Amino acid sequence: MQNKPELPPYAIESVSNALRLLLMLRDRDSLRVTDAAAELGVARSTAHRLLMTLAHEGFVQQERNSRAYRPGPQLLEFALSSAGIPELRQLAHPLLESLCAALEETVNLMVLEGPSVRFVDSVECDRPVRVSGRTGALLPVHATAGGKVLLAAADPAAAQALLEAGLPRMTGRTTTSPRILREELADIRRSGYALNLGESLDGLHAAAVPVTDAAGRALAALAVSVPADRGGLSGLRRHVPALQETAGQIGGLL
């Protein structure tokens, strides 16, 4: 996190640090106590107390296995309170549940948010080996299948601005070349779907299609996420027709 200016004399440092923790969790899936302490420049015990306080208020929650902290229900409500998102989630959720049951894989609904894509809803499958739901997560648009399918449908000037701003690397497979990404976006426009082959997270593959309204505007993206070693590329592509059917049903409700 970037260095912050000195606090004004009236500021309460613990409140400032708690808010900085929330900003960290806005942009990542999880946060460990040691990482929080390092970024805040405080003792590990102090970071732990801050996170425990936020957990008590419902802004974060602790994972059982890793003991890392994830965004809690209160923080997710803030993140997903943008105009139209609660209604979109309410309309789409039953269809996401049906799609998850049919594919037996985790499915996600996403919208553009600046240079990123926000996961506004997820339904996690119950297979022993699965991709976790990511509701509330914010990821770079170029590193996700849903982000790329929305970027392909976006205004050319907006897409160009994102390309010029830089393409941060998340894994060894993330596309960081504007030229290569432009070529991929052209392919997505022709095929109608996008793939993520370990570009946002090692071991994760995903496919996504746009959710369009009656005017043909891409308002959201619908994606399926699978472990990379299940089904291969052909198996991933076999999910596309079901994604397109469900996306059409969601679009018909908008």
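How many bridges pair strand 7 and strand 8 (residues 218-227), and in which sense? The two strands pair in the antiparallel sense, over nine bridges. Strands pair here if DSSP finds at least two bridges between them.

The model is predicted; local features need pLDDT of at least 70, side-chain atom pairs count only at pLDDT 80 or more, and totals for chains, interfaces and linings use all residues. Residues are numbered from 1 along each chain as its sequence is written, and side-chain values use heavy atoms, with hydrogens and water left out.

The chain contains ten helices and eight strands. Helices (H or I, at least four residues) and strands (E, at least two) are DSSP runs, numbered from the N terminus. Of the 254 residues in the chain, 45% are buried. Buried means under 20% relative accessible area, exposed over 50%, and partly exposed in between (1.4 Å probe, protein chains only). Contact means heavy atoms within 4.5 Å. Among contacts between residues at least 6 apart in sequence, 54% join residues at least 24 apart.

Six strands form an open sheet. Their order is 5-4-3-8-7-6, and the pairing is antiparallel. Strand 5 and strand 6 stand at the edges. Each has a single partner strand, so one side of each lacks a neighbour in the sheet. From one strand to the next, the twist averages 30°. Axes are lines fitted to C-alpha atoms, for helices over the stretch in contact, and angles run from 0 to 180 degrees between N-to-C directions.

One edge of the sheet is strand 5 (residues 138-140). Strand 5 pairs with strand 4 in the antiparallel sense over three bridges. In this pair, Arg118 stands opposite Leu138. Leu138 counts as buried because its relative accessibility is 12%. Leu138 and Glu113 are 25 residues apart in sequence. In space, their C-alpha atoms are 8.3 Å apart.

Strand 4 (residues 116-123) is largely enclosed by the rest of the structure, because eight of its eight residues are buried. Its other partner is strand 3 (residues 106-113), joined in the antiparallel sense over seven bridges. Here Arg118 faces a residue of strand 3: Val111 stands opposite Arg118. Strand 3 and strand 4 form a hairpin with two residues between them. Gly114, in the turn, has a positive phi of about 65°.

Strand 3 also pairs with strand 8, in the antiparallel sense, over five bridges. Thr106 stands opposite Ser225 in this pair. Helix 10 (residues 240-253) packs on the sheet and touches strand 3, strand 7 and strand 8. The direction of helix 10 makes about 35° with that of strand 7.

Strand 7 (residues 204-212) has seven of its nine residues buried, so the strand is largely enclosed by the rest of the structure. Opposite Thr212 in strand 7 stands Ala218 in strand 8. The hairpin of strand 7 and strand 8 has five residues between the strands. Within this hairpin, Gly216 takes a positive phi near 85°. Strand 7 pairs with strand 6 (residues 194-197) as well, in the antiparallel sense, over four bridges. Leu195 stands opposite Ala207 in strand 7. Six residues lie between the strands in the hairpin of strand 6 and strand 7. There, Gly198 takes a positive phi near 75°.

Helix 2 (residues 33-40) and helix 3 (residues 44-56) pack at an angle of about 110°, with their axes 8 Å apart. The two helices are therefore roughly perpendicular. Angles under 35 degrees count as roughly parallel, over 145 as roughly antiparallel, 65 to 115 as roughly perpendicular and the rest as oblique. Helix 2 contributes Val33, Thr34, Ala36, Ala37 and Leu40 to the contact. These residues meet Arg44, Ala47, His48, Leu50 and Leu51 in helix 3. By class, the contact has seven nonpolar, two polar and one charged residues. Ala, Val, Leu, Ile, Met, Phe, Trp, Tyr, Cys and Pro count as nonpolar, Asp, Glu, Lys and Arg as charged, and the others, Gly among them, as polar.

The structure holds zero disulfides. A disulfide is a pair of cysteine sulfur atoms within 2.5 Å. For Cys100, the closest cysteine sulfur is in Cys125, at 5.5 Å, which is too far for a bond. Cys100 counts as buried because its relative accessibility is 7%. Cys125 is also buried, with a relative accessible area of 5%.
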